[in-house]
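Q: I'm new to this structure and would like a close look at just one part of it. Could you pick a helix and walk me through how it sits in the rest of the chain?

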Amino acid sequence: MSPKVRHFLRDDDLTPAEQADVLDLAAALKKDRFARRPLDGPRSVAVLFDKPSTRTRVSFAVGIAELGGHALIMDAGSSQLGRGEPISDTARVLERQVSAIVWRTAGQERIEEMAAGTTVPVVNALTDEFHPCQILADLQTVREEFGDLAGRTLAYFGDGANNMAHSYLLGCATAGMNVRIAAPEDLPPDPAVVDRAIAIAAGTGGSVTVTADAEQAAAGADVLATDTWVSMGQEGKDTSRYEPYAVDEALLASAAPGAVVLHCLPAYRGKEIAATVLDGPRSRVWNEAENRLHAQKALLTWLLERST
Ligand code: CP
Ligand code: NVA
């Protein structure tokens, strides 16, 4: 019988009920950090980076240790993968020794190839297209603030075509939220991702809006979110078109009373977010960064329990 395995390559790899289960477990693990030890042994998890990272690296390393396991952290430059060894060969070697593979890479097709070639769970730790672990942490943060996610409105501002915008579209739609993307008209999210988010929202009671009007997107929103205008690998990009989408005090004033602000970090104060907002009373970015730990521990536990 072929082994059963669950991967987390994009936000819609979890159904609405499954996403809620993972978020419930994340909340429980935040209260009692050592309650679950699915990696006792220790079993190892390979955590591979083709791009830089602070939060993802730390939260997976700490989280895997807290689950009783061992994190084998490798940078592309120090592995044969970085010298062109086929992804499928790497997958076959890793699966015989590790219990899961976490990978930050460029193209989504690369992580899909890894998942197709292995019998252990593969987790997307950021690709050019999606950053689904971050969205789990963000949803945990929004739950902590407001309770239920369904019916809440999250508005994202800036680069509409990046991993965060795409993951907000899928992850928030899955949670039954109203997700608004405000981005320059000529730099919209991938239409296929928008269509998928609309289809998910139709089943969860959420909604999807893509607009070039930042003020309209912010109006009455419960959460304002943004991300760097220059994602990894885009250095030197002209960011002038994003300037009307900066999250500043004026934009925050248009949001709902009690609205909170998210940013996955690293942040560039005075660019995509005003320093007074990032460091101000409505910012929840430090909780958001901490929640990477709890959400990913919950995710790994959940995936491991469903993979044999
Ligand atoms: N938010 C996030 O993924 O941060 P790192 O790039 O530091 O991992
Ligand atoms: N969009 C950003 C997210 C960083 C966590 C990037 O890909 O660089």
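A: Here is a walk along one helix, and then a look at the domains.

Keep in mind that this is a predicted model. Our helix is α2, which covers residues 55-66. Start with its length: at 1.5 Å a residue, its 12 residues should span 16 Å, and the end C-alpha atoms are indeed 16 Å apart, so the two agree.

Now look at which side chains point inward. T56, S59, F60, G63 and I64 of α2 are buried. Seen down the helix axis, the buried residues fall within an arc of 120 degrees, so they line one face of α2. And what covers them? The cover includes the strands β1 (44-49), β2 (70-75) and β3 (100-104), along with the helix α11 (285-305). After α2 comes G68, with a positive phi near 90 degrees.

Stepping back, the chain is divided into domain 1 (16-131 + 292-306) and domain 2 (134-288). Their C-alpha centres lie 25 Å apart. Where they meet, 20 residues of domain 1 are in contact with 19 residues of domain 2. On the domain 1 side, α1 (16-31) and α11 each supply at least two of the touching residues, and α1 gives the most, with 6. By class, that side has 11 nonpolar, 4 polar and 5 charged residues.

As for annotation, an unreviewed UniProt entry places the feature "domain: Aspartate/ornithine carbamoyltransferase carbamoyl-P binding" at residues 6-144. In the model, that span is 42% helix and 14% strand, and its end C-alpha atoms lie 27 Å apart.

Definitions and conventions:
Residues numbered from 1 in each chain as written. Chains lettered and ligands numbered in written order. Predicted model: local features only at pLDDT ≥ 70, side-chain atom pairs only at ≥ 80, totals over all residues. Helix = DSSP H or I, 4+ residues; strand = E, 2+ residues; numbered from the N terminus. Expected span 1.5 Å × (residues − 1). Buried ≥ 20, exposed ≤ 12 C-beta atoms within 10 Å, placed from the backbone. Arc of directions from axis to C-beta. Contact = placed C-beta atoms within 7 Å. UniProt positions renumbered as here; feature names shortened; annotations may be inferred. Domains from an automatic or database assignment. Nonpolar A, V, L, I, M, F, W, Y, C, P; charged D, E, K, R; others polar.
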